[in-house]
Amino acid sequence: MSNHQRHVLVTGAAEGVGRAIAQTFASAGARVVIADIQSADETLRLIREQGGSAEHVHCDVSSEASVVRAIAEAAELLDGRIDTLVNNAGMNGHYHLVPDMPLAAWEETLRINLTGTMLVTREATRYLAPEAATIVNVASNVGKRGLPYRGDYVASKWALIGLTQTVALELAPRGVRVNAVCPGPIEGNRIEDVMQRHADVEGATLAEMRAKWESESPLGRFVTPEEVASVVRFLADSASSAMTGQAINVTAGLVMH
Ligand code: NAD
């Protein structure tokens, strides 16, 4: 597409990868609306400072009422048309082996990462542009492999890939393409916290955890938010027009299937 300004809705863009995703679309001239449970002031400031267009709507993706209200509000800000939806909001999950998993921990992670994506997709679908609309879901490298202590998070991300394939089939007759990205560990605050939690439960130091995880990828490093954002933008754009139902790894080679 590109004869008209792209209207993009990104969830969870108050910080982290979502912020980089919002920035990459805004820098390409898109009108961006961020749906986040937190204030997105810093992301809005960064985008507007560069001359871009962005707004924020308050949204808790785990609450049906909040999603219904937020997506209607976002659609109004976008004059009733969404060209691209990026389902990025998510939480790390809890750190329990499955034999010790509290049900509430399991249900909270599934509720935010999986049910939240379904609810936002359901509500946004009615506003998707009639031609060439795209949806990109942010899954994970652990949407394709297991990881001890992360059963709730891993299950939420595998399920997200199944949801991606299903919605891709359901919306294909309307010309809507639906894909996922599966990032490896991404540099930033969140991965420091994730590694610290693994270090705590596995009896290692933070430095040992980082060295182990970096050495697991052939490129010997984590990925950056910008590297993930550029693949999201590719999947949203006509450059990927023959792709739907795919789950694309951005992992420095950590996962190859
Ligand atoms: P982050 O914690 O830095 O940002 C998450 C964003 O989602 C925040 O802006 C937060 O306010 C928002 N959010 C959280 N709960 C919400 C809710 N209930 N409703 C609305 N918004 C909510 O995380 P991140 O690292 O930027 O992760 C973004 C996505 O990338 C997530 O889906 C995550 O699972 C995925 N991911 C991250 C990594 C990594 O290493 N950081 C790796 C693979 C996949």
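Where is valine 142 placed? The close-ups below start with that residue. What you see is a predicted model, where local features need pLDDT of at least 70, side-chain atom pairs count only at pLDDT 80 or more, and totals for chains, interfaces and linings use all residues. Residues are numbered from 1 along each chain as its sequence is written, and side-chain values use heavy atoms, with hydrogens and water left out.

**View A. Valine 142 sits in the loop between strand E5 (134-138) and H5.** Helices (H or I, at least four residues) and strands (E, at least two) are DSSP runs, numbered from the N terminus. Valine 142 is buried, at a relative accessible area of 3%; buried means under 20% relative accessible area, exposed over 50%, and partly exposed in between (1.4 Å probe, protein chains only). Skip its neighbours within four places in sequence, and valine 142 is in contact with Leu147, Tyr153, Val154, Lys157 and Trp158. Contact here means heavy atoms within 4.5 Å. Glycine 162 is 20 residues from valine 142 along the chain, and 13 Å separates their C-alpha atoms.

**View B. The ligand has 25 residues around it.** Among these, Val17, Asp36, Gln38, Asn88 and Tyr153 come nearest; a residue is near a molecule if one of its heavy atoms lies within 4 Å of it. The shell splits into 13 nonpolar, seven polar and five charged residues. In this count, Ala, Val, Leu, Ile, Met, Phe, Trp, Tyr, Cys and Pro are nonpolar, Asp, Glu, Lys and Arg are charged, and the others, Gly among them, are polar. Helix H1 (16-27), helix H5 (151-171) and helix H6 (189-202) each chip in at least two shell residues.

**View C. Polar atoms of arginine 190, cysteine 59 and isoleucine 37 meet the ligand.** For arginine 190, a polar side-chain atom lies 2.9 Å from an oxygen atom of the ligand. Cysteine 59 puts a backbone N or O atom 3.3 Å from a ligand nitrogen, and a polar backbone atom of isoleucine 37 is 3.4 Å from a nitrogen atom of the ligand. On its own the ligand has 830 Å² of accessible area, and the protein covers 91% of that. Those areas come from the Shrake-Rupley method with a 1.4 Å probe.

**View D. Helix H7 (residues 206-216) has Met209, Arg210 and Trp213 as its buried residues.** They lie on the same side of H7 because they cover an arc of only 95° around the axis, taken from the directions from the helix axis to the C-beta atoms. The buried residues of H7 pack against H6. On the face turned away from the buried side are the exposed residues Ala207 and Ser215.

**View E. Arginine 6 is in the segment before strand E1 (7-11).** Arginine 6 counts as buried, at 10% relative accessibility. Its side chain reaches the backbone oxygen of alanine 236 at 2.9 Å and makes a polar contact with the side chain of aspartate 237 (3.2 Å). A polar contact is a pair of N or O atoms within 3.5 Å; within protein, one must be able to donate a hydrogen and the other to accept it, and residues adjacent in sequence count only if both atoms are side-chain atoms.

**View F. Aspartate 79 has a positive phi, near 55°, without being a glycine.** Look for aspartate 79 in the loop between helix H3 (64-77) and E4. Aspartate 79 is exposed, with a relative accessible area of 58%.
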